[in-house]
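Biologist: Mind walking me through this one? I'll ask, you answer.

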Amino acid sequence: MDDLAILIPCYNEEITIGKVVRDCINDTKDLHCKVNIYVYDNNSNDNTVEEALKNGATVRHEYQQGKGNVIRRMFREIDAKCYVLIDGDDTYPTEDIPKMYEMVINKNVDMVVGDRLSSSYFEENKRPFHNLGNRLVRGSINTLFKSNIRDIMTGYRAFSYQFVKAYPVLSKGFEIETDMSIFAIENNMAISNMIINYRDRPEGSQSKLNTYSDGFRVLRRIFNLYRDYHPMRFFTIISALLFIIAGIVFVPEVLIPYLKTGLVEKMPTLVVCIFLGIAGIVSWYSGLVLDSVLQKEKREFEFRLQLIREKFNENHIN
């Protein structure tokens, strides 16, 4: 088991990966613990692999395209007391790695979030829609999930062994950061924000993030996770909307004419209102059932954490 595993997912980063690996080595040499740097190549067609090897990294491969797929492979294969996830584009300061390591090891933090948005991100980043998207995602998650994570989309994080081995990686692409953040929030894991400096990509280095398609996937993921983690609230809102629509239509179109004439003049409208009411009842009961399932899953998750802790202790001793 490594004391510190630095994980670098890469796709066509030949311009910057060598410097990132060298910086990681230089900035962790005083930690006096077992440090390994893993570069996971995701089908690069440039010299990313050669540059990483030349500068001292251990290179492995993930052939399913997508950042989420790479992180799944990393988390499955690497055992470490602390994990630091950093991009290979040289936008994050590696000198903060020792601080992150100390927070995980000495303060039992499960996820340290490298907060770009509270420092230099908005000045350095030249893509205005990225700035808007980061604000939108951060505001949505902190409002819906009652949290205070300052940078949801950052690719610079540190994790505990407990987090990495308990986290089910379901996302395939760039929505992985959103998924990890909400997972930590909902499972009551210890989260800490750490302000970091951010620098934009050097000339010639290109971002793999598509502002619109990836941004849409992130927002859709937030919607789906809110439904999964808060089914009672989600389906109660749907139920309430269905009853409100039914009432708005029923009262003027069916009830008031009936009170005046004693006749139901718009029978199809009445049928539609009845179906809307039934759908509202079904929706509410769906939320009730799913909420019971969720509570059971939370109890089982706590037991799984105990098993993960036991495995960690065994690996540590060995």
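Biologist: How many bridges join strand S1 to S4?

Modeller: Bear in mind that this is a predicted model. S1 covers residues 2-10 and runs parallel to S4. One pairing to look at is Leu4, whose bridge partner in S4 is Cys82. The count of bridges joining S1 to S4 is five.

Biologist: And what is the bridge partner of Cys82 in S6?

Modeller: S6 takes in residues 157-160. S4 and S6 pair in the antiparallel sense, over four bridges. Within that pairing, the partner of Cys82 is Ser160.

Biologist: Back to S1: which residue in S2 is the bridge partner of Leu7?

Modeller: S2 is residues 35-41, and S1 and S2 run parallel. Seven bridges join the two strands. For Leu7, the partner in S2 is Tyr38.

Biologist: Which strands stand at the edges of the sheet?

Modeller: The sheet is open, with seven strands and mixed pairing, in the order S3-S2-S1-S4-S6-S5-S7. An edge strand has a single partner strand, so one of its sides is left without a neighbour in the sheet. From one strand to the next, the twist averages 20 degrees. The strands at the edges are S3 (58-61) and S7 (191-195).

Biologist: What angle does helix H4 make with S4?

Modeller: H4 is residues 97-107, and this helix lies across S1, S4, S5, S6 and S7. Helix H8, residues 176-186, also packs on the sheet, touching S4, S5, S6 and S7. The direction of H8 makes about 45 degrees with that of S6. For H4 against S4, the angle is about 140 degrees.

Biologist: How many residues of S4 are buried?

Modeller: S4 spans residues 80-85 and is mostly covered. Cys82 has a relative accessible area of 0%, so it counts as buried, the cut-off being under 20%. Of the six residues in S4, the number buried is five.

Biologist: How far from Cys82 is the nearest cysteine sulfur?

Modeller: Searching the whole structure turns up zero disulfides. Cys10 is in no disulfide, with the nearest cysteine sulfur, that of Cys24, 10 Å away. At 3% relative accessibility, Cys10 is buried. Cys82 is in no disulfide either, and the nearest cysteine sulfur, on Cys33, is away by 8.7 Å.

Biologist: Asp89 caught my eye. Is Asp89 buried or exposed?

Modeller: Asp89 sits in the loop between S4 and H4. Leaving out residues up to four places away in sequence, Asp89 touches Glu13, Thr16, Arg201 and Pro202. The relative accessible area of Asp89 is 7%, and the cut-off is under 20%, so the verdict is buried.

Biologist: Which side chain does the side chain of Asp89 join in a polar contact?

Modeller: The place to look is again the loop between S4 and H4. The contact comes in at 2.8 Å, side chain to side chain. The partner is Thr91.

Biologist: Last one: how far apart are the end C-alpha atoms of residues 267-290?

Modeller: An unreviewed UniProt entry annotates residues 234-255 and 267-290 as "transmembrane region". In the model, residues 234-255 are 100% helix and 0% strand, with end C-alpha atoms 30 Å apart. Residues 267-290 are likewise 100% helix and 0% strand. For residues 267-290, the end-to-end C-alpha distance is 35 Å.

Conventions:
Residues numbered from 1 in each chain as written. Predicted model: local features only at pLDDT ≥ 70, side-chain atom pairs only at ≥ 80, totals over all residues. Heavy atoms only, no water. Buried < 20%, exposed > 50% of the residue type's maximum accessible area, 1.4 Å probe, protein only. Pairing = 2+ DSSP bridges. Axes fitted to C-alpha atoms, helices over the stretch in contact; angles between N-to-C directions. Contact = heavy atoms within 4.5 Å. Disulfide = S-S within 2.5 Å. UniProt positions renumbered as here; feature names shortened; annotations may be inferred. Polar contact = N/O pair within 3.5 Å; in protein donor to acceptor, adjacent residues only side chain to side chain.
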